[in-house]
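Reader: I'm new to this, so could you walk me through the picture and tell me how you know what you say about it?
Author: Sure, have a look and then ask away.

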Number of protein chains: 2
Amino acid sequence: MNTLEEVNDFVHHGHQEYLPHVSIDPVIFGYYQQKLKILLLRWKGLDGWGLPGGFIKRREPLSQAAYRILHEKTNLSDLFLQQFHVFGDSPYRVQERSGREYKEKFGLEVEPDNWLLERTLSIGYFALVDYSKVSVTTDYFTEDYYWFDVSDIPPLLFDQNETVEKALLTLRLQIYHQPIGYNLLPEKFTIPEIHTLYETILGKELDQRNFSKKLIALGLIKKLDERRSIGAHRSPFLYQFEKEQYEQALQEGIMHTY
Amino acid sequence: MNTLEEVNDFVHHGHQEYLPHVSIDPVIFGYYQQKLKILLLRWKGLDGWGLPGGFIKRREPLSQAAYRILHEKTNLSDLFLQQFHVFGDSPYRVQERSGREYKEKFGLEVEPDNWLLERTLSIGYFALVDYSKVSVTTDYFTEDYYWFDVSDIPPLLFDQNETVEKALLTLRLQIYHQPIGYNLLPEKFTIPEIHTLYETILGKELDQRNFSKKLIALGLIKKLDERRSIGAHRSPFLYQFEKEQYEQALQEGIMHTY
DNA sequence: AATTATTCCGTAAATTTTACGCATTGTAAA
DNA sequence: TTTACAATGCGTAAAATTTACGGAATAATT
């Protein structure tokens, strides 16, 4: 959706292709320089940051819609994606951003009963992606994008701050029962790297010795015969996820602390 | 909705009052005679059992809609209610039950583009209720109701068997992190009662001595000075939930096994 | 060659979970 | 009335897991 013509078609006829009243709003987590980041888009004219959301096509399975939207924005196909909550306790959140803005910012005439101005429930997804592999695609509505540190999220459009908070909470709870990291780290990683990742996500210190002991005992990672040459000091060994064990743990869950 | 006139109005004008494309489908758990039960309704004419679902009013917060629907069906106001998943991977599930049936069973003419025949996402909720306090309200669409044992659920309409399975799975996972029982048991209960409840939900045996030790150690229940006179044998003491501790555990979660 | 920062192996203490033994109590059967 | 039985309820010991931490080894820097 890059030309004004396409946008105009979307605004006035989008409800024929997409299901109205429901949007998908993904919180995309990436990990970079030992910080947990979230991808946000700046909406043109709205003077605000928001999640890279989208709509469900009328004959498209829900989970497929979520993957499509993620793929459109990040050009990634290998990612962890999970639904976590439906937000719909503020029925008026979209109307408030009235049709006036469409006219002022885009010069578009929008009827008061336009589908985009109606009440919309928001299905929250969270995604874990390899930061280095993401190439963000922007469109007509999108002015800019930026990876924000989770500890430094700006005020977001509508009630999306709540969405981000709940996504983070869900991620932190989930890390106790499911392995996390496959989609946040490069294929080969060092113990200090995955250790810092977990500390970052959980926001607390974890004893490195016990942590690696645990991961190896669970059979989730295996040591390789290579080392990573970091700038100074001793080269740490590289590790890799045991794909099978990892998948199994994703399915069955694990019961433990780190 | 008890008269044909009301039903006719709902079918033809319901989309003015309710949000189309989204339904709320609650899985209502009750506990009776040491069995975990689910409340299902038999839909008139459709020859099938289904969840007691409903729609969201256009200006009604989502969570309020869920409470309203539960209240309408069970006449309960004190219950545990939680959203757990949105189902929408079978886009055609409603269309299949075409408008023909409305005509055959109810004598209603339904246009092919009627809102009730369009694709509908289903927001799954699960509720825990005190079986003995429920009085089921049926309406024009509802022929019968029955509390089914969870181990004996019949084939349900649409893909609601998946909904029930996921609800049960969620309940079983959740019981490890949150106290459960306040809404499933009477106010005062015995150790054997709550013990059997947990065994029933988890579907496995739990050492009674360690189980009660745990609950008391967590400060979740307190012993009363009364006993319950069961038919035979020694009268067991009654216990009660510590409301404050219980609420706190609901908020913060507990990390343990039983 | 000495210094320093970091990796990484191992062990001991503390805590938690699990497994049961058995006295107690109240009803039912003999 | 006595005996038998079934279920409650308390306590303790063994097993397993988690937590804490000492210190050797390594590799770049000075």
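Author: Let's start with Lys223(A): an N or O atom in the side chain of Lys223(A) is 3.2 Å from a phosphate oxygen of DNA strand C. Keep in mind that this is a predicted model.

Reader: What makes that pair with the phosphate oxygen a polar contact?
Author: The cut-off for two N or O atoms is 3.5 Å, and the pair at Lys223(A) is 3.2 Å apart, so the pair counts as a polar contact.

Reader: Which side chains of chain B have a polar atom by a base nitrogen of DNA strand C?
Author: Asn210(B) is one of them, with a side-chain N or O atom 3.0 Å from a base nitrogen. Lys213(B) is another, at 3.3 Å. Both distances are within 3.5 Å, so these are polar contacts too.

Reader: How many residues surround DNA strand C, and of what class are they?
Author: There are 22, and Arg209(A) and Lys214(B) are among the closest. By class, 10 are charged, 7 polar and 5 nonpolar. The largest share, 4 residues, comes from α6(B).

Reader: How do you know that the two copies are related as by a two-fold axis?
Author: A turn of 180° and a shift of 0.0 Å along the axis lay chain A on chain B, with an RMSD of 0.1 Å. The copies are therefore related as by a two-fold rotation axis.

Reader: And why do you say that the copies meet through the same surface?
Author: Because 100% of the interface residues of chain A are interface residues in chain B as well.

Terms used:
Residues numbered from 1 in each chain as written. Chains lettered and ligands numbered in written order. Predicted model: local features only at pLDDT ≥ 70, side-chain atom pairs only at ≥ 80, totals over all residues. Heavy atoms only, no water. Near = heavy atom within 4 Å. Polar contact = N/O pair within 3.5 Å; in protein donor to acceptor, adjacent residues only side chain to side chain. Helix = DSSP H or I, 4+ residues; strand = E, 2+ residues; numbered from the N terminus. Nonpolar A, V, L, I, M, F, W, Y, C, P; charged D, E, K, R; others polar. Least-squares fit on C-alpha atoms with pLDDT ≥ 70 in both. Contact = heavy atoms within 4.5 Å.
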